Amino acid sequence: MAAKKKKRKEKGTYKQFENLSLDQIIQNVEDTLSSENPRDALYTLKFATKKFGESASIRSLFFRAYLLREKQLRTKSLHAEADAVRELANRFVPEFDQMPEAVLADYISAASGKKALEAYAGYMKNGDRSSKIEQTLAYLMFTGRDWKAVESLEADHPLRQDAGPVQKAAALMNDAVWEQALDALNPISRTSPYASIRVFCRAMVSFFRGDDKAAARALEMIPPDFPLSRTIGQLKRVLNPAVPEEEKKAAMEAVGFLWDGPVNIERDIRHLIDCIDRKRFKQAVETVHAVASAIHPSESLRVTRWITECLWRFSIVERMDDYDFQKMVQSLLPKEIIDPMFMKIRLVMSIKPFTSAGSYISDLSKEFPDPEERKLAHALTLLHTAMFLNLQDGHMQFRVEHPLIGRFRDQLGIRSDTYEGALLDMVTHSIGIDPGNRKAYEYLAGLSRNSREDKKKVESGFSVMLKEFPDDPFPCLELASLFYESNAFRKAENILEEAMKRAPHDARVLDRHVLSLLISSEINIRREKFHLAERDLDRAAAFENKKLEPFVLEKKLLFDLKTSANELEPDQPGTKKQISLFGERRTPATLIYETLAEYSLYDRLKVMSLLRLDLDGKKLPQKTVLLKSLDNLLGKELKAGVKALGSSQVFELLAPIGKEYDPLYESIHPAPLLIKRSKALLNVLSTDDALRLYERILLPSLYKAIIKDLRSRAKEASEKDRRLLDFFRVTIDHLSGKKEDSDLFYEVIDEVEEGPALEALRALSRRLSRHAAGPLRAALEEFDFEILDETFGGFPGLPFDLDLDDFLPRLEKLFGGAEAEEDTWDEDRLFEALEVLSKIGMTETEAFQDELEWVIEEAEDWVDSLDIRGYPNHLIKQMRNMLFKTDPEAKQELNMIARVLEQTGTQSNLSREGQVLLFGKARKK
Amino acid sequence: MLPYYFVLNVSEDATDEEIRNSYLRLVKQYTPEKDPLRFQQVTEAYEALQNRRRRILGKIFGGLSTKEPEDGLWMLAASLRPVRRPVGLQALFDAENED
């Protein structure tokens with residue numbers, strides 16, 4: 001077929017030339033050669049030979065055409081083919097002195113040293129020296145063909161003169177000592193035929209030094225016919241900052257031998273991801289192996305393991321089935337690594353966090369043979385698990401796993417029967433193993449500690465820190481808080497003294513000290529030990545602490561009001577004027593006014609709002625009179641001065657006062673009492689401040705005021721702010737239970753395009769989620785409001801089987817008695833109990849009253865643990881149906897319990913939610 | 001966290017001192033002006049490996065702790081910077097003449 005085509009082509013070409021003269025054909029060949037098309041030129045020349053015979057000009061053109069073709073083949077690295085063409089060219093070698101310079105250069109470039117020099121000598125017969133040809137000869141020597149040949153040249157010929165240094169440098173270049181080679185090339189001048197070799201060497205030196213600019217500059221100076229032109233071309237692309245990254249990577253790959261390690265791993269990673277997405281797992285496994293070996297040939301398993309761990313995330317987001325992932329793991333990793341990896345996956349997934357952590361810790365010796373490292377790994381795993389549980393609110397999880405935790409008592413350190421206690425046990429156990437981990441103490445400080453036992457655990461933890469970090473005031477401050485919570489004031493003061501010794505200039509310590517004095521004064525006021533309270537207040541004031549000044553002032557006012565309550569008269573209109581005139585009649589308002597007169601409006605409002613919060617929880621003589629006076633004064637100040645306040649000042653006034661002031665006030669929220677007295681306060685806030693504030697004061701009593709403000713702001717807000725305001729408003733509508741419609745959220749979200757604006761909405765949604773519960777919380781957290789419309793999805797993430805496992809064994813204990821095995825559901829015993837109840841009928845249920853009450857109590861606990869209190873019936877029913885559908889045994893067992901309750905007439909003692917869960921519908925009580 | 005070890009060019013059992021020395025060497029090499037991206041990577045890697053507890057935590061959770069599915073893989077790719085390998089002239093000629 002190819003022969004036929006060739007024939008056809010030749011025929012066609014010949015036809016084209018049939019009517020042309022020799023000169024015309026020669027011109028045509030010249031043109032074809034100029035356009036670098038030697039094959040067409042050769043066809044034409046063959047025709048010319050046939051028609052006109054072989055002339056000198058035709059021979060010369062044959063020679064040129066073959067040389068050009070040879071050059072092309074060499075560029076394509078087809079050296080065998082090029083050599084064959086060279087043989088053909090050699091048949092037509094013309095006289096060298098007749099050859100054009102460029103043609104001779106081409107001829108020389110592939111000739112032996114000796115022949116090349118002979119050819120050059122022939123060329124020079126009738127002409128001058130040619131720098132181009134000499135350069136070609138220099139390249140020929142450089143490529144290492146025949147250094148001896150230059151010795152035939154005259155001694156002062158630059159090719160011979162400079163040959164020595166170049167020969168020496170070439171040997172050094174061969175040994176990859178490029179800098180020494182460059183030194184050896186020092187004698188080579190810019191006009192030398194070897195000059196390009198020196199420039200090339202300089203480029204390589206700069207390249208290996210990492211001086212890309214100098215390397216690129218040098219490479220640009222090298223002529224295109226340099227022997228390493230392909231490599232130079234690729235390097236130029238690599239070093240050129242203007243070349244696109246992809247092209248650069250491809251060029252790097254072409255000269256990959258110049259680098260250690262894979263030069264285009266991004267391409268391999270992309271390929272791997274593509275294989276996963278297209279479910280080509282066999283190819284994916286091969287790619288992982290290839291990448292791992294390329295990155296770290298001696299430790300490819302480490303890389304394979306890392307990649308495999310990363311691939312697990314693909315299965316989590318369902319870009320890969322679990323089954324496929326497991327199959328890939330088996331192909332990628334040896335068995336001894338697979339088991340610990342799946343153990344870790346269980347730990348990260350935390351489906352059963354307590355038992356997963358226990359199992360993992362039990363097996364640590366394999367992964368951490370060094371005992372010291374093992375200890376740290378143990379402590380860190382405990383801390384990680386406790387932190388995870390606290391974030392997720394693991395109450396239910398604790399109840400589910402409680403029967404199994406005993407197996408890992410030593411590993412987890414859990415002794416407590418409560419969830420809060422268990423977390424504290426884990427963290428203090430972690431501290432016991434690794435007392436040097438500050439994170440553990442920081443975390444311990446944030447854990448809830450309501451019972452006396454829990455407080456003791458926290459105390460023991462911080463006592464360890466006290467010794468471990470002798471210069472740090474943090475444990476002292478935390479212990480002081482703990483002692484105040486336990487009303488151990490003397491101990492609190494002593495430990496604060498210690499904090500002062502450790503860090504006398506630490507602002508936290510000073511603040512805490514003033515606060516402790518205020519707490520002490522508060523207690524003394526309550527106990528009516530006024531001389532002690534006065535002493536505390538004076539000491540607190542002596543600190544002149546700017547941050548706590550309003551609190552000190554407020555407590556002083558409270559002290560004055562309390563000590564002079566019986567001497568004060570009710571306020572009368574015009575009281576202030578009378579004071580200035582007579583100075584004798586004292587009312588609560590005048591007392592407050594006198595104390596605060598020298599302070600700014602902001603400070604006055606701050607102190608008065610604190611006093612108002614304080615009075616709410618106090619027993620005082622003439623409290624009604626005091627409250628009325630204060631409210632009047634606060635109202636007047638707000639009315640007169642609200643416009644003089646700045647946005648940030650209003651923000652500070654309305655924001656919660658901080659958890660550390662808990663021991664001083666009944667509530668930490670001054671916003672409701674201030675907004676009630678002046679709604680105009682909200683108008684002063686900038687939209688940014690308003691949004692930040694509302695996130696912090698999102699109390700049901702303020703919903704109405706906040707919604708109203710959000711609406712009015714939205715009318716004049718910028719596009720971006722309007723969406724945030726609308727989203728906030730829709731969220732409050734849902735929080736208040738007024739609305740339940742995902743479309744309302746999507747109406748806002750759909751207006752926003754992907755980008756910073758949508759990110760801002762997403763972030764707001766996440767922040768607001770902490771105010772919500774149930775599906776709304778999940779929807780806000782996930783920024784997926786379809787959750788609100790879903791049926792079963794209304795209860796995201798609830799492990800029903802586990803919940804039921806939690807409920808049923810306890811009922812079993814009731815009916816099965818102490819003999820019942822701990823982890824099995826003794827159906828027969830329950831049936832027995834049921835039969836007894838059926839037989840005795842409703843008349844004798846009193847004998848089982850305790851048991852029945854217990855069943856109801858447990859069922860209610862179950863409802864609480866499922867977090868479905870307040871859900872509409874249809875949602876609870878859908879959940880029940882789903883549970884029955886997925887677990888027929890559970891259906892049978894729950895129906896049995898329902899029958900017991902029904903037959904004994906105790907069904908109506910269940911809450912609505914409990915009834916719907918057990919019976920599918922609720923009866924009116 | 002394997003990529004961090006690659007960024008700092010230290011072995012998994014490197015000591016605190018070895019890690020610190022490598023970090024100091026690399027921040028001198030990749031200054032924020034010269035190579036801000038690498039500087040950031042080096043700093044991040046040092047933060048993650050500077051003490052034993054963090055290294056152990058990294059060893060426990062490894063690639064499982066990445067947030068998004070592709071994060072860990074791209075992190076690995078970004079951590080690797082091929083190092084220039086001085087090769088001899090003959091190797092260059094051989095490569096030039098390769099098909």
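These legends walk you through close-up views of charged residues in a predicted model.

**View 1. A negative patch on the surface of chain A.** Seven names to look for here are A:Glu740, A:Asp741, A:Asp743, A:Glu747, A:Asp750, A:Glu786 and A:Asp789, which form a negative surface patch. Take A:Glu786 as your guide: this residue sits in the loop between α46 (774-782) and α47 (800-816) of chain A. A:Glu786 counts as partly exposed because its relative accessibility is 46%.

**View 2. A positive patch on the surface of chain A.** Here A:Arg190, A:Arg202, A:Lys213 and A:Arg217 make up a positive surface patch. To find your way, start from helix α12 (residues 195-209) of chain A, where A:Arg202 lies. With a relative accessibility of 34%, A:Arg202 is partly exposed.

**View 3. A salt bridge between helices α11 and α12 of chain A.** Side chains of opposite charge can pair when their charged atoms come close. In this view A:Arg209 forms a salt bridge with A:Glu179, and their closest N and O atoms are 3.2 Å apart. A:Arg209 belongs to helix α12 and A:Glu179 to helix α11 (residues 178-184), so the pair ties together parts of chain A that are 30 residues apart in sequence. A:Arg209 counts as exposed, at 57% relative accessibility, while A:Glu179 is partly exposed, at 43%.

**View 4. A salt bridge with a buried lysine, A:Lys249.** The partner of A:Lys249 is A:Glu266, with 3.4 Å between the closest N and O atoms. Follow the chain and you will see that the pair links distant parts: A:Lys249 is in helix α15 (residues 245-254) and A:Glu266 in helix α16 (residues 265-277) of chain A, 17 residues apart. Is A:Lys249 buried or exposed? A:Lys249 counts as buried because its relative accessibility is 12%, which is under the 20% cut-off. A:Glu266, with a relative accessible area of 23%, is partly exposed.

**View 5. A salt bridge in chain B.** Now move to chain B, where the side chains of B:Arg55 and B:Asp16 meet in a salt bridge, 2.7 Å from N to O. B:Arg55 is part of helix α4 (residues 52-61) and B:Asp16 of helix α2 (residues 16-29), so this pair links parts of chain B that are 39 residues apart. B:Arg55 counts as buried, at 10% relative accessibility, whereas B:Asp16 is partly exposed, at 39%.

**View 6. A network of salt bridges in chain A.** Shared partners join salt bridges into one network made of A:Glu719, A:Arg722, A:Arg723, A:Asp726, A:Arg729, A:Asp733 and A:Glu751. Over all chains, the count comes to 55 salt bridges.

Methods
Residues are numbered from 1 along each chain as its sequence is written. Chains are lettered from A and ligands numbered from 1 in the order in which they are written. This is a predicted model: local features need pLDDT of at least 70, side-chain atom pairs count only at pLDDT 80 or more; totals for chains, interfaces and linings use all residues. Side-chain values use heavy atoms; hydrogens and water are left out. Patches are made of residues with over 30% relative accessible area and no salt bridge: like charges are joined within 9 Å, nonpolar side chains (Val, Leu, Ile, Met, Phe, Trp, Tyr) within 5 Å. Accessible areas come from the Shrake-Rupley method with a 1.4 Å probe; for residues, only the protein chains shown count as cover. A salt bridge is a side-chain nitrogen of Lys or Arg within 4 Å of a carboxyl oxygen of Asp or Glu. Lys and Arg count as positive and Asp and Glu as negative; His and the chain ends are not counted. The place of a charge is taken as NZ of Lys, CZ of Arg, CG of Asp or CD of Glu. Helices (H or I, at least four residues) and strands (E, at least two) are DSSP runs, numbered from the N terminus. Buried means under 20% relative accessible area, exposed over 50%, partly exposed in between (1.4 Å probe, protein chains only).
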